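Visitor: Could you pick one part of this structure and take me through it closely? I'm new to this, so plain words would help.

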Amino acid sequence: MIEASDLTIARGGKTILTNYSLRLPRGRTLAVLGANGVGKTTLISALIGVIKPKSGRLQIGGRIGFVPQLFEVPFSYSALDIALMGRARHLGLFGTPGRRDYEIVRHYFHALDIEDFEPRTFNTLSGGQRQLVMIAQALASECELLVLDEPCAALDYKNQDKVLSLLEHLREKHDMTIVFSTHMPQHAVEIASDVLLMTSGSSYVCGPTATALSAKNLTALYDLPIERADFDRLSKHTYAPVFRHDRGHFDG
Amino acid sequence: MASYSANARPTGWLGRKLPSVSVLPALIGLLLLVVLYSVTIGRYGLSVGDVTYILIDNIHPLVTPYWEPVQEVVVEQVRLPRIMAAVIVGFGLSISGAALQALFRNPLVDPGIIGVTSGAGFGGTLAILLGLQGYSLLTMAFLFGMASVFLVKLLSTVRGRTSMLTLVLAGVVISAFFSAAISIAKLLADPFQKLPAITYWLMGSIASSNYLDVLLLAVAVVPSTVAIYFLRFQINIMSLGEEKAWALGTKVVLVQWIILVASALISAGVVATSGIIGWVGLVIPHVARALVGADHQRLLPVSGVLGAIYLLMVDNLARTVTTAEIPLGIITALIGVPIFAVILRRLHAKGGWSSD
């Protein structure tokens, strides 16, 4: 589904990522983790085709649906207006959505249980609600690869659970391939089959979650001790940061 | 996943379409009424009936002409071309304003933002300074308007990509340059003959419009607004931002080019025939948005018709309030600025650009 070898990606004339290679077969979920500013969004921009890689080979099999980070639109579109934009690819330059496009969008609104949002102004929806509308937009484009830029940022636990469950459902029932970035290793533990840990612009760890996502790798990734915590009762585990409480240097 | 359930509600689809069906025809009806009314007002008092008979007489004589030939001349040669010019100018500026506000994702954008208005203004000024009149003036204004847009586009394109933010800044720079150039031209102009001519021309007027002016306006405005209207759904997508539009599969560069060139054509045509008429393209789309929402499929036609009605009313004021003509640009600014202030406050109160 995704085949990238020796990717070098530049943004605004500055090289951000060098020699990244990754492979993700159909029906898998990849979680992308990395510190702020390391280039997660740049990598995602390259995956969805907004940035052309400077060198290397990037092959994507199948249509891409993209869910950007939480945003506001400058005009008061309704949630339905926003989701309908997902149909653009099927309409051509001068096309406008017709009955069938409305039906497809409404189908996904129904499937995501957000029918009530339809007439509401997109900007007045909460973060979680807007995220669901954007996922409906991506699904309406009838994509096979779903790329999400921090889909759970700014969401409370319940909404995180809802978005993660939805992603899992899409992969299981609809054989979708999913790529998402996150700052929470927990999200990768919960639903990702593969992880990409971006340590810097030129070094990374990529592999199955079971082996690649370890306390050691995460510690290197965040430059902060990260410990694994096991919940025996739930037969689950997570990773937690050991914050340093290093107040000394603020007094300088 | 490609299948969709049968319980989708087609009635909702129709229900959603309904408001646009009712607002637009109402406005078109209103426009026709205002046009008819506008022909009757002026120094030669005519009734709506007289005007209707005079106009219909051209297509099919209903009654034997009972009016004087001079009345026919007033209606058909003086008032009608001027009214048509007002309708086309208002229509074009408002549609281009709505499209540019979406393209730049900024509700405070005016068609002048892309530099075309002051470029065309300088072209016309230069023509007057050189003693050119009529069609030479129109051509000069038009060419300078188009040239300034290409200059703006050139300035803001780096490695084949145009940043919309840089484009706005480049527009400001080019506008400032041509404004300075206009000042120099005024300074050099003969203060008794040419300076007043330049000043009045820049203030904007369609007082002396004839059918050839109307034709030039129509040639610039009609194909451009049609092109913008065809792109109405893509304009929705462009207003989400370039990156999201790319991801949704929009031909971003092509759509940007078509909208910019179409808007430049509209503004250059308007300035060439009617001088600088500000605030219409900025304010009218907001009023239209309050009526039918942000979706450009409904917003563009409603903006256009609303703008036509507005500018026609303003021109009626310009020619009837005082015995001397008031330049159009002054009235559009006098009315536009307070409306703009209200819009600004509403946007501020809402804590962002999320206007309706």
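**Two helices and their surroundings**

Guide: Let's start just past a helix: α1(A) is followed by A:Gly49, which has a positive phi, near 90°. Before going on, you should know that this is a predicted model, where local features need pLDDT of at least 70, side-chain atom pairs count only at pLDDT 80 or more, and totals for chains, interfaces and linings use all residues. As for names, residues are numbered from 1 along each chain as its sequence is written, while chains are lettered from A and ligands numbered from 1 in the order in which they are written.

Helices here (H or I, at least four residues) and strands (E, at least two) are DSSP runs, numbered from the N terminus. Helix α1 covers residues 40-47 of chain A and is mostly covered, with eight of its eight residues buried. A residue is called buried if 20 or more other C-beta atoms lie within 10 Å of its own, exposed if 12 or fewer, and partly exposed in between, with the C-beta atoms placed from the backbone. The buried residues of α1(A) are A:Lys40, A:Thr41, A:Thr42, A:Leu43, A:Ile44, A:Ser45, A:Ala46 and A:Leu47.

Now for the part I'd like to linger on, helix α5. In chain A, α5 runs over residues 157-174, and at 1.5 Å a residue its 18 residues should span 26 Å; the C-alpha atoms at its ends are 25 Å apart, which agrees. (That expected span is 1.5 Å times one less than the number of residues.)

Which residues of α5(A) are buried? They are A:Gln160, A:Val163, A:Leu164, A:Leu167, A:Leu170 and A:Arg171. Looking down the axis of α5(A), you'd see these buried residues fall within an arc of 115°, so they line one face of the helix. The arc is that of the directions from the helix axis to the C-beta atoms. Some background helps with the spacing: an α-helix has 3.6 residues a turn, so residues three or four places apart point the same way.

Turn to the other side of α5(A), and you'll find A:Lys158, A:Ser165, A:Glu172 and A:Lys173 exposed. What do the buried residues pack against? In chain A, the partners of the buried residues of α5(A) are β3 (29-34), α4 (127-140), β6 (145-148), β7 (177-181) and α6 (185-191). Just after α5(A) comes A:Asp175, with a positive phi of about 55°.

Helix α5 also shows up where two domains touch. Chain A is divided into domain 1 (1-62 + 144-214) and domain 2 (75-142), with bounds that come from an automatic or database domain assignment. The C-alpha centres of these two domains of chain A lie 24 Å apart. Eight residues of domain 1 of chain A are in contact with six residues of domain 2 of chain A, where contact means that the C-beta atoms of two residues, placed from the backbone, lie within 7 Å. On the domain 1 side of that meeting, α5(A) gives the largest share, four residues. Sorted by class, that side of domain 1 has six nonpolar, one polar and one charged residues. (Ala, Val, Leu, Ile, Met, Phe, Trp, Tyr, Cys and Pro count as nonpolar, Asp, Glu, Lys and Arg as charged, and the others, Gly among them, as polar.)

Two loop residues are worth a stop. A:Leu213 sits in the loop between α7 (209-212) and α8 (215-222) of chain A. A:Leu213 is buried, since 23 other C-beta atoms lie within 10 Å. Leaving out residues up to four places away in sequence, A:Leu213 touches A:Pro185, A:Ala188, A:Val189 and A:Val195. The C-alpha atoms of A:Leu213 and A:Leu33 are 9.9 Å apart, though 180 residues separate them along the chain. A:Glu142, in the loop between α4 and β6 of chain A, is partly exposed, with 16 other C-beta atoms within 10 Å.

Finally, zoom out. Chain A has eight helices and eleven strands, and 44% of its 252 residues count as buried. Where chain A meets chain B, 35 residues of chain A are in contact with 38 residues of chain B. Helix α3 (residues 99-111) of chain A gives the most to the chain A side, with seven residues. That side of chain A divides into 16 nonpolar, twelve polar and seven charged residues.
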